[in-house]
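This report invites the reader to examine a protein model step by step. Please keep the sequence and the structure in view while reading.

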Amino acid sequence: MTVAAFPPVVLFDLDGTLLDTAPDFVVTANAMRQARGMQALAAERLRPVVSKGSRAMLAVAFPQMAESERHALVPEFLDVYQSLIGRHARLFDGIASMLHALEQAGSRWGIVTNKPEYLARLILPQLGWEQRCAVLIGGDTLAERKPHPLPLQVAAQRIGLAPQHCVYVGDDERDIQAASAAAMPSVAALWGYRPDGDDPTLWQADVMAATPAALLEPAAWPWPCGLRADRTEAVQSAQRR
């Protein structure tokens, strides 16, 4: 009988998966609105689209503007966000325990996000993750970003494993699309950000997890049974990198 084990490498999306960064983005959007004489935006208006990126958030914050006008605001949005990054963000409940469980089992973990890499790297020291995070790929690290599979493929390559020996966890459909295209098992993080009408049951993730606590048991992960016997070798290979 094969004993269930955690995957040797787990890659995570950042915003809406590991971190609740919505409060930082709400403050950012409202600072920009205030500078233009507009009233503050309710947090619940912006929160569902945080995982969609800066342009989606600007569309909610400034719906009266043309798309080209909002696009021109992206650098300002990122500058304001950088000035307060991490001030209001927090780990989702259960993330710390889940990461600890992975590390205790000898697994490694990393981050693949569409957030610009320089912003993602500013967050790591705030959380004490500089040494714990095995790889970080941002939205501008490579020529492609999610839902293209390249960021996941390169992350796996940098750790030293084939994509099918890793698992990707994300709260947006693009995360699951990227994992599928990379032949990487996937977990849909249902605790993240989703706009109304976005149905995660249609994403075709290998596993849907309601909370991080649901992933504390190795058997909950989509680690293919046929590969479990090779896990020790895979873990040792990843740890040598």
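The following paragraphs describe the sheet, a crossover, one helix and the nonpolar cores of this predicted model.

**The sheet**

The model contains an open sheet formed by 6 strands, in the order β5-β4-β1-β6-β7-β8, and their pairing is parallel. Strands β5 and β8 (207-209) stand at the edges; each has a single partner strand, so one side of each is left without a neighbour in the sheet. From one strand to the next, the twist averages 20°.

Two of the strand pairs are set out below.

| Strand pair | Sense | Bridges | A bridge pair |
|---|---|---|---|
| β4 (residues 108-112) and β5 | parallel | 3 | Val112 and Ile137 |
| β1 (residues 9-12) and β6 | parallel | 4 | Val9 and Cys166 |

**Strand β5 and its surroundings**

Is the edge strand β5 mostly covered or mostly uncovered? Strand β5 (residues 133-137) is mostly covered, with 4 of its 5 residues buried. To reach β5 from β4, the chain passes through helix α7 (residues 117-127), and this β-α-β crossover is right-handed. Helix α8 lies across β1, β4, β5 and β6, and runs at about 150° to β5.

**Helix α9**

Helix α9 (residues 173-181) has four named residues to locate in the structure: Asp175, Ile176, Ala178 and Ala179 are its buried residues. Viewed down the axis of α9, these buried residues fall within an arc of 160°, so they line one face of the helix. A general rule helps in reading such a pattern: an α-helix has 3.6 residues a turn, so residues three or four places apart point the same way.

Against which elements do the buried residues of α9 pack? They pack against α8 (150-159), β6 (166-170) and β7 (186-189). After α9 comes Ala183, which has a positive phi, near 60°.

**The nonpolar cores**

The largest nonpolar core has 53 residues. Within this core, the residues with the most contacts are Phe12, Leu18, Leu46, Leu99, Ile111 and Trp221. For Leu46, leaving aside its neighbours within four places in sequence, the residues in contact are Phe25, Val26, Ala29, Leu41, Met57 and Val60. Another core, of 18 residues, lies apart from the largest one; among its members are Val135, Ala155, Ala156 and Tyr168.

Conventions: Residues numbered from 1 in each chain as written. Predicted model: local features only at pLDDT ≥ 70, side-chain atom pairs only at ≥ 80, totals over all residues. Heavy atoms only, no water. Buried < 20%, exposed > 50% of the residue type's maximum accessible area, 1.4 Å probe, protein only. Helix = DSSP H or I, 4+ residues; strand = E, 2+ residues; numbered from the N terminus. Pairing = 2+ DSSP bridges. Right-handed = clockwise from strand over helix to strand, strands pointing away. Core = buried A, V, L, I, M, F, W, Y, C linked by side-chain atoms within 4.5 Å. Contact = heavy atoms within 4.5 Å. Arc of directions from axis to C-beta. Axes fitted to C-alpha atoms, helices over the stretch in contact; angles between N-to-C directions.
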